[in-house]
Amino acid sequence: MAREKIRIRLRGYDHEVVDEAMRRLVKTASETRAKIVGPIPLPTEIKRYCVLRSPHVNKNSMEHFERRIHKRLLDIREPTSETINALMDIELPTGIDIEVKL
């Protein structure tokens, strides 16, 4: 047993891509017989921006934009060296931020 726990956090703008990446991680970890806790959906971070349409004539006319950041958490308990090697070789879709804590 190399480590006691591996915590993986995924962040992305598209929830379908984040879910697909999480499915690949769970499948890879379960094939190596590691104990899995999760995936746990974390609260979606919403950033809103308000922009003036025209700075001169229509100052009261504004456009609103938002950016949603979807997050998921996965804990792998009692990973083996086989689990760690399999997770290192996995191909994940682009647009995903991965944070791994050992």
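Which residue of β3 does R7 stand opposite? In this predicted model, the residue facing R7 is D75. The two strands concerned, β1 and β3, are paired in the antiparallel sense, and eight bridges connect them.

Strand β1 covers residues 5–12. Its covered face is made up of I6, I8, L10 and G12, while K5, R7, R9 and R11 form the uncovered face. In a regular strand, side chains alternate between the two faces of the sheet. R7, the residue opposite D75, thus belongs to the uncovered face. Strand β1 also runs antiparallel to β4, which comprises residues 96–101, and six bridges join this pair. Within that pairing, G12 stands opposite I96 of β4; G12 is one of the residues on the covered face of β1.

Strand β3 spans residues 62–77 and is preceded by a loop that follows β2, residues 35–52. S61 is located in this loop. S61 has a relative accessibility of 26% and therefore counts as partly exposed, since the buried class requires a value under 20% and the exposed class a value over 50%. When neighbours within four places in sequence are set aside, S61 has contacts with L52 and R53. V18 lies 43 residues from S61 along the chain, and the C-alpha atoms of these two residues are 35 Å apart.

Helix α2, residues 81–88, contains T83. The relative accessible area of T83 is 1%, so this residue is buried. With residues up to four places away in sequence not counted, T83 touches T32, A34 and I76.

Conventions. Residues are numbered from 1 along each chain as its sequence is written. This is a predicted model: local features need pLDDT of at least 70, side-chain atom pairs count only at pLDDT 80 or more; totals for chains, interfaces and linings use all residues. Side-chain values use heavy atoms; hydrogens and water are left out. Helices (H or I, at least four residues) and strands (E, at least two) are DSSP runs, numbered from the N terminus. Buried means under 20% relative accessible area, exposed over 50%, partly exposed in between (1.4 Å probe, protein chains only). Contact means heavy atoms within 4.5 Å. Two strands pair if DSSP finds at least two bridges between them.
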